[in-house]
Amino acid sequence: MTAVAVRTLRTVLGPLAASAVRGPALAHEHLVLDLRQAGDGGAALDPAADGPDVTAELAALRAEFGLSLVVELTCRGMGRDAAALARISGACGVPVVAGTGWYHEGFHPAEVGRADVAELAATLIAEIDGGIGATGIRPGVIGEVGSHGDRPGGPEARSLLAAARAATATGLSVATHAGLGRGGRAQLELLTGAGLAPHRICVGHQDLLDDCAAHRELAAAGAYVAFDTVGKEHYRSDTVRLRLLLALLEAGYADRALLSCDVSRRGYLSARGGQGYGHLFRSFLPRLRAAGVGEDLIDLMTRRNVLRFLTGADTDADTDADTGTGTDPDADLVEEECR
């Protein structure tokens, strides 16, 4: 069945036409977060203590680099605060897409427990359709849905299957957390086996896995491959990230790459001496340019691919039409209804 409609993103401040996103996007970030555990009190971005710094940093990136969208993947059990996201977005002028779903098992809330896939999927669908709590803010992506190891554990498999069911029911896409880059193929097999099209899936943290063949395999299957921890040198150096990304581009898969920094601790904020959300623009992209990557490919990886992933556009030609980068930027936007 085909429908004619303006392709829109669901942001924390309401619907946004994809054509309005003219500058780069960050595909995997956290603006509000609480992953604190015993002995690790810094794994948080508190809206009261850190919100002003987050807001100021995003506003500066909007002014300097035209930052036009942030995909915020703090989901259930990770300290998500949709109202705080709306305040930050409104204050910095950068649209924000909020997530839903469940992170890896180490941070599953009690609601996952012994709930079966159908019950978990129903929880997600209710939130996607009705909004997050009393805020009425509707998630625009499912993620980051997580697993650790080469294969998801039982609760992780259930949460991934629930994400696939909710995605096919609502038309949202799924972004995963693959711990240290491992287990991406197993995640993809599980999600596609549940009926979710591969181009609605982004496999996360692949820049932490030094395995060009694994990246090519995911991209060849049609999934997006996230190089989304740019600047986290204590996990993997940007020199290695650059080599891995260039290999993916040379293999012909620029249309499957997504880039971001995954700021997930207050110590990563630029105001706290960290690399900040802007490390991608200030450090990594200049290195890509120096390696011979042109502006069209950079725009593809930092803008058009993000929009394609979120909206379900399956070709770059669709993205050009949807985002106004074709010959007639003011033409009506037409999409094929997601199945």
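## His-205 and its loop

Let's start in the loop between strand 10 and helix 6 (212–220), where His-205 lies. This is a predicted model, and in it the phi of His-205 is near 60 degrees, a positive value in a residue other than glycine. Most residues other than glycine have a negative phi, and most peptide bonds are trans. Is His-205 buried or exposed? Its relative accessibility is 3%, and since buried means under 20%, His-205 counts as buried.

The strand on one side of this loop, strand 10, covers residues 201–203 and pairs with strand 11 (residues 224–227) in the parallel sense, over 2 bridges. Within this pair, Val-203 has Val-225 of strand 11 opposite it.

## Helix 6, on the other side of the loop

Follow the chain past the loop and you come to helix 6. Its buried residues are Ala-214, His-215, Leu-218 and Ala-219. Looking down the axis of helix 6, these buried residues fall within an arc of 135 degrees, so they line one face of the helix.

What does that face pack against? The buried residues of helix 6 pack against helix 5, helix 7 (238–250), strand 10 and strand 11.

## The sheet as a whole

Now step back to see the sheet. It is an open one, formed by 8 strands with parallel pairing, and their order is 3-6-7-8-9-10-11-12. Which strands stand at the edges? They are strand 3 (25–29) and strand 12 (257–259); each has a single partner strand, so one side of each is left without a neighbour in the sheet. On average, neighbouring strands here are turned by 25 degrees against each other, direction ignored.

Strands of a sheet pair through backbone hydrogen bonds, either parallel or antiparallel.

## From strand 3 to strand 6

Beginning at the strand 3 edge, strand 3 and strand 6 run parallel and are joined by 3 bridges. Here Glu-29 has Glu-72 in strand 6 as its bridge partner.

Strand 6 spans residues 69–72. From this strand, Leu-69 and Val-71 point one way while Val-70 and Glu-72 point the other way, and all of them are buried.

## Strand 7 and its two neighbours

Strand 7 is made of residues 96–100 and is mostly covered, with 5 of its 5 residues buried. Which of its residues share a direction? Val-96, Ala-98 and Thr-100 point one way from the strand, and Val-97 and Gly-99 point the other way.

On one side, strand 7 is joined to strand 6 by 3 bridges, and the two run parallel. Glu-72, which we met as the partner of Glu-29, stands opposite Ala-98 in strand 7, and Val-71 stands opposite Val-97. How does the chain get from strand 6 to strand 7? It crosses through helix 2 (residues 82–92), making a right-handed β-α-β crossover. With strand 8 (residues 141–147), strand 7 also pairs in the parallel sense, over 2 bridges. In that pairing, Thr-100 is opposite Ile-142 in strand 8.

## Helix 3 and what it packs against

Helix 3 (residues 117–130) has 14 residues, and the distance from its first C-alpha to its last is 20 Å, close to the 20 Å expected at 1.5 Å a residue. Buried in this helix are Val-117, Leu-120, Ala-121, Leu-124, Glu-127 and Ile-128. They cover an arc of only 125 degrees around the axis, which puts them on the same side of helix 3.

These buried residues have both strands and helices as packing partners: strand 1 (8–11), strand 7, strand 8 and helix 4 (154–170). Strand 7, then, meets helix 3 as well as pairing with strand 8.

## Two more backbone details to look for

Strand 8 holds a detail of its own. A cis peptide bond, with omega about 5 degrees, joins Gly-143 and Glu-144, and Glu-144 is placed in strand 8.

The other detail is at Leu-180. This residue is not a glycine, yet its phi is positive, at about 55 degrees. Where does Leu-180 lie? You will find Leu-180 in the loop between strand 9 (174–178) and helix 5 (184–193). That brings us back to helix 5, one of the elements that the buried residues of helix 6 pack against.

Conventions
Residues are numbered from 1 along each chain as its sequence is written. This is a predicted model: local features need pLDDT of at least 70, side-chain atom pairs count only at pLDDT 80 or more; totals for chains, interfaces and linings use all residues. Side-chain values use heavy atoms; hydrogens and water are left out. Two strands pair if DSSP finds at least two bridges between them. Helices (H or I, at least four residues) and strands (E, at least two) are DSSP runs, numbered from the N terminus. Axes are lines fitted to C-alpha atoms, for helices over the stretch in contact, and angles run from 0 to 180 degrees between N-to-C directions. Buried means under 20% relative accessible area, exposed over 50%, partly exposed in between (1.4 Å probe, protein chains only). A crossover is right-handed if, with the strands pointing away from the viewer, the path from the first strand over the helix to the second runs clockwise. The expected span of a helix is 1.5 Å times one less than its number of residues. The arc is that of the directions from the helix axis to the C-beta atoms. Contact means heavy atoms within 4.5 Å.
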